[in-house]
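The following exercises ask the reader to trace strands, crossovers and a helix pair in one chain. Each task is followed by a worked solution.

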Amino acid sequence: MSHCAETKLLDCLIIGAGPAGLTAGIYLARFHLRVQIVDAGQSRAAMIPRTHNHAGFPGGIGGKTLLARMRSQAAEFGAHVRHGLIETLSREDGGFVARVDAEKLYARTVLLATGVVNNAPNISPEIHEAALERGLLRYCPICDGYDVTDKRIAVIGSRTHGHNEALFLRMYSKDVTLIAPDGGHRLSEDERRKMDEAGIALRDGPCGPLRIEGDRILVPLPGETLAFDTAYPALGSIIRSDLAISLGAEATEEGCLIVDDYQRTSISGLYAAGDVSKGLDQISHAMGEAGVAATTIRNDLASHRALRR
């Protein structure tokens with residue numbers, strides 16, 4: 001690298017300021033490493049109206065409030081968040097070069113904590129936001145299935161993914177309907193048998209645009225409109241792993257980055273934590289992975305050069 005690049009060389013560039021990225025930032029800054037967090041402002045955690053299964057917050061905590069507290073804590077130790085989109089990531093002289101807002105950032109290591117984007121059902125952006133805020137639309141049954149106990153639940157999905165989510169939610173309510181968003185369910189005979197045994201109703205789409213009426217979310221179908229207390233889209237997600245894959249990092253067919261037990265990807269110096277790597281999509285899990293990743297980054301850097309203030 002050039003002398004100019006060396007003078008502003010980061011020990012670690014963290015891409016993403018969700019729970020994983022911010023946790024890693026806190027750890028790395030407290031290791032007295034030079035860190036920069038870059039975030040495009042699309043953390044999935046910000047969409048959570050209130051989480052009740054994140055330990056330490058009786059009564060729950062909103063996703064935006066949690067992120068704000070974590071940002072403040074990271075800043076106490078010098079790990080600040082810069083708003084921006086990392087457009088490209090490349091290798092140079094054993095390190096990494098990232099382009100953001102026509103500027104280049106140079107780093108010895110990179111932690112990818114970019115998360116995923118849920119695929120939304122047929123619904124306008126305004127109604128989507130309102131439905132999320134009111135709990136009429138939910139994306140994580142592990143997070144909040146408890147909150148819809150004995151409610152009337154719609155699962156919008158097909159194939160095995162929809163089947164599995166409907167069965168999972170069945171333990172919270174006897175009133176679960178699996179709705180195929182585009183037509184037929186495409187379930188195997190065994191899957192249909194399990195739906196029938198569980199008492200889960202099946203409805204074929206296509207779904208019209210979801211809308212709100214009073215305290216219910218409405219799902220328009222051919223010849224009928226069904227009303228539910230809440231709806232769970234089971235439509236998969238887009239994994240934000242393109243930057244790593246462009247460098248040749250190994251990933252699953254779905255795009256989740258494959259990491260070792262210490263959160264290293266297959267690319268030397270490139271790490272991943274949180275939902276972008278294969279695992280449980282939970283805040284607590286993402287934070288745990290981030291702690292492991294940050295400690296691994298510190299130790300890997302120490303094995304290549306002396307770390308001193």
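**Exercise 1.** Determine which residue of S3 stands opposite Val38, and how S2 and S3 run.

*Solution.* In this predicted model, Val38 stands opposite Arg82 in S3. Next, consider the pairing as a whole: S2 and strand S3 (residues 81–83) are joined by 3 bridges and run parallel. Finally, follow the chain between the two strands. From S2 the path passes through helix H3 (residues 63–76) to S3, and this β-α-β crossover is right-handed.

**Exercise 2.** Identify the residue of S2 that Ile14 faces, and state whether S2 is mostly covered or uncovered.

*Solution.* Ile14 stands opposite Ile37 in S2. Strand S1 (residues 10–15) is connected to S2 by 4 bridges, and the two strands run parallel. The chain travels from S1 through H2 to S2 in a right-handed β-α-β crossover. For the second part, count the buried residues, that is, those under 20% relative accessible area. In strand S2 (residues 35–39), 4 of the 5 residues are buried, and the strand is mostly covered.

**Exercise 3.** Describe how H2 and H9 cross, and classify the residues in their contact.

*Solution.* Begin with the geometry. The axes of helix H2 (residues 19–30) and helix H9 (residues 283–304) come within 8 Å and cross at roughly 35°. The crossing of H2 past H9 is right-handed. Then list the partners: H2 contributes residues including Pro19, Ala24 and Leu28, while those from H9 include Ile283, Met287, Gly291 and Ile297. Sorted by class, this contact of H2 with H9 has 11 nonpolar, 3 polar and no charged residues.

Definitions and conventions
Residues are numbered from 1 along each chain as its sequence is written. This is a predicted model: local features need pLDDT of at least 70, side-chain atom pairs count only at pLDDT 80 or more; totals for chains, interfaces and linings use all residues. Side-chain values use heavy atoms; hydrogens and water are left out. Axes are lines fitted to C-alpha atoms, for helices over the stretch in contact, and angles run from 0 to 180 degrees between N-to-C directions. A crossing is left-handed if the near helix is turned anticlockwise from the far one by less than a right angle, and right-handed if clockwise. Contact means heavy atoms within 4.5 Å. Ala, Val, Leu, Ile, Met, Phe, Trp, Tyr, Cys and Pro count as nonpolar, Asp, Glu, Lys and Arg as charged, and the others, Gly among them, as polar. Buried means under 20% relative accessible area, exposed over 50%, partly exposed in between (1.4 Å probe, protein chains only). Two strands pair if DSSP finds at least two bridges between them. A crossover is right-handed if, with the strands pointing away from the viewer, the path from the first strand over the helix to the second runs clockwise.
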